[in-house]
Amino acid sequence: MSTTEATAAAGIPCTWMRGGTSKGAFFLADDLPTDPAARDDLLLRIMGTPDPRQIDGLGGATSLTSKVAVVSPSDRPGIDVDYLFLQLGVAEPTVSDKQNCGNILAAVGQFALEAGLVDATGDSCRVRVHLVNSGSVATATFPVRHGRPVYDGDTRIDGVPGTAAPVLLAFRDTAGSATSGLFPTGAVSDTIDGVEVTCVDNGMPVVVAEASGFGLTGYETQAELAADAALLDRIDQLRRKAGRLMGMGEVSESSVPKTVLVAPGRDGGQVCTRSFIPIQPHTSVGVFGAISAVTAIMRPGAVGHYLTADWPTGLSRVDVEHPSGHLLVDIAIDDTVVPPLVRTAGVVRTARKLFAGKAFPKF
């Protein structure tokens with residue numbers, strides 16, 4: 001048995017945390033192999049992939065529960081920790097670092113504090129996080145008590161039962177996270193397979209289209225969308241072609257770009273969304289998926305811009321409807337420069353530590 005296998009057999013320190021509407025395994029980088037291939041193989045065995053049930057691992061049999069955060073102290077000036085997000089497949093043995101995850105990010109600050117990577121005094125903690133996947137920076141602010149994270153509170157987010165302590169996530173340098181820029185095709189509108197789309201990357205590459213372009217209302221349930229095999233095939237073909245237009249090459253095996261369909265809000269929100277990750281319909285909406293979609297429709301000439309006609313002048317907080325409820329997204333865009341500059345982006349999430357111990361991979 002190799003040294004790596006012997007270490008794995010003894011168990012890998014792991015903390016399982018919910019961040020926003022996702023949950024996953026959090027590891028210190030020092031506790032994982034430095035070689036990416038060896039690391040990914042280990043994580044697949046810990047998560048129980050490939051298996052649609054992930055019955056022999058920690059994964060919860062959905063893409064929202066087959067996620068990993070790798071955290072380490074940062075040597076970048078003004079940055080506390082580095083955070084690498086990995087999306088693991090469920091039925092397929094895939095590990096992708098091509099995207100950020102804003103939901104899992106919501107728990108990175110607390111994990112860093114629990115692990116002793118940062119200190120906290122007073123009643124709140126600010127952790128500056130370098131998002132390794134994209135090179136962007138986020139600041140997570142959350143309450144603390146006696147130097148430890150506070151997880152209980154009165155903040156409610158749709159898609160999670162009950163309430164918890166708020167986590168404020170503020171982002172910068174998110175444009176062009178995995179592509180050449182905010183609008184990586186060089187246009188705010190393109191046509192793919194007869195469907196008008198806007199390809200945008202403000203923290204995550206996203207293809208935005210109107211739900212009506214697919215013969216949908218935009219208010220279908222997640223189950224209804226999941227049962228429409230023809231629709232899912234169209235979504236897959238659309239995102240593959242969009243990926244090439246965005247300069248991402250062949251994306252058939254990649255988790256990005258994702259697709260977000262938009263429609264007028266009907267429950268008090270400014271826009272209603274149905275998103276796909278990358279092909280299966282999302283039960284809610286991802287943080288960066290929502291931020292990118294809202295960024296797109298705020299731009300004149302982009303898909304869905306007509307939805308902004310009744311928005312108050314200077315609106316920066318946008319209420320995004322999704323299958324599980326609402327997500328509030330804060331975005332400020334400076335249109336006085338070319339290309340347009342994203343000044344601020346942020347959301348409020350919640351997080352909770354679920355367990356801490358050791359994970360044992362399958363051999």
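**Strand 1 pairing and the setting of Thr179**

In the predicted model, strand 1 is joined by 8 bridges to strand 17, which spans residues 341-359, and these two strands run antiparallel. Within this pairing, Trp16 has Phe355 of strand 17 as its bridge partner. Strand 1 is also paired with strand 2 (residues 22-28), again in an antiparallel arrangement, through 5 bridges, and here Arg18 is placed opposite Lys23 of strand 2. The connection between strand 1 and strand 2 is a hairpin in which 2 residues separate the strands, and Gly20, located in the turn, adopts a positive phi of about 60°. Of the 8 residues that make up strand 1 (residues 12-19), 7 are buried, and the strand is therefore largely enclosed by the rest of the structure.

A second site considered here is Thr179, which is found in the loop that links strand 9 (166-172) to strand 10 (190-192). Thr179 has a relative accessibility of 16% and, because the cut-off for burial is under 20%, this residue counts as buried. Beyond the neighbours within four places in sequence, the residues in contact with Thr179 are Pro184, Asp201, Pro205, Met246 and Met248. With Asp201, the side chain of Thr179 forms a polar contact between side chains at 2.7 Å, while the Thr179 side chain also reaches the backbone oxygen of Gly181 at 3.2 Å. Asn133, which is 46 residues from Thr179 in sequence, lies 12 Å from Thr179 in space when the separation is taken from C-alpha to C-alpha.

Methods:
Residues are numbered from 1 along each chain as its sequence is written. This is a predicted model: local features need pLDDT of at least 70, side-chain atom pairs count only at pLDDT 80 or more; totals for chains, interfaces and linings use all residues. Side-chain values use heavy atoms; hydrogens and water are left out. Buried means under 20% relative accessible area, exposed over 50%, partly exposed in between (1.4 Å probe, protein chains only). Helices (H or I, at least four residues) and strands (E, at least two) are DSSP runs, numbered from the N terminus. Two strands pair if DSSP finds at least two bridges between them. Contact means heavy atoms within 4.5 Å. A polar contact is a pair of N or O atoms within 3.5 Å; within protein, one must be able to donate a hydrogen and the other to accept it, and residues adjacent in sequence count only if both atoms are side-chain atoms.
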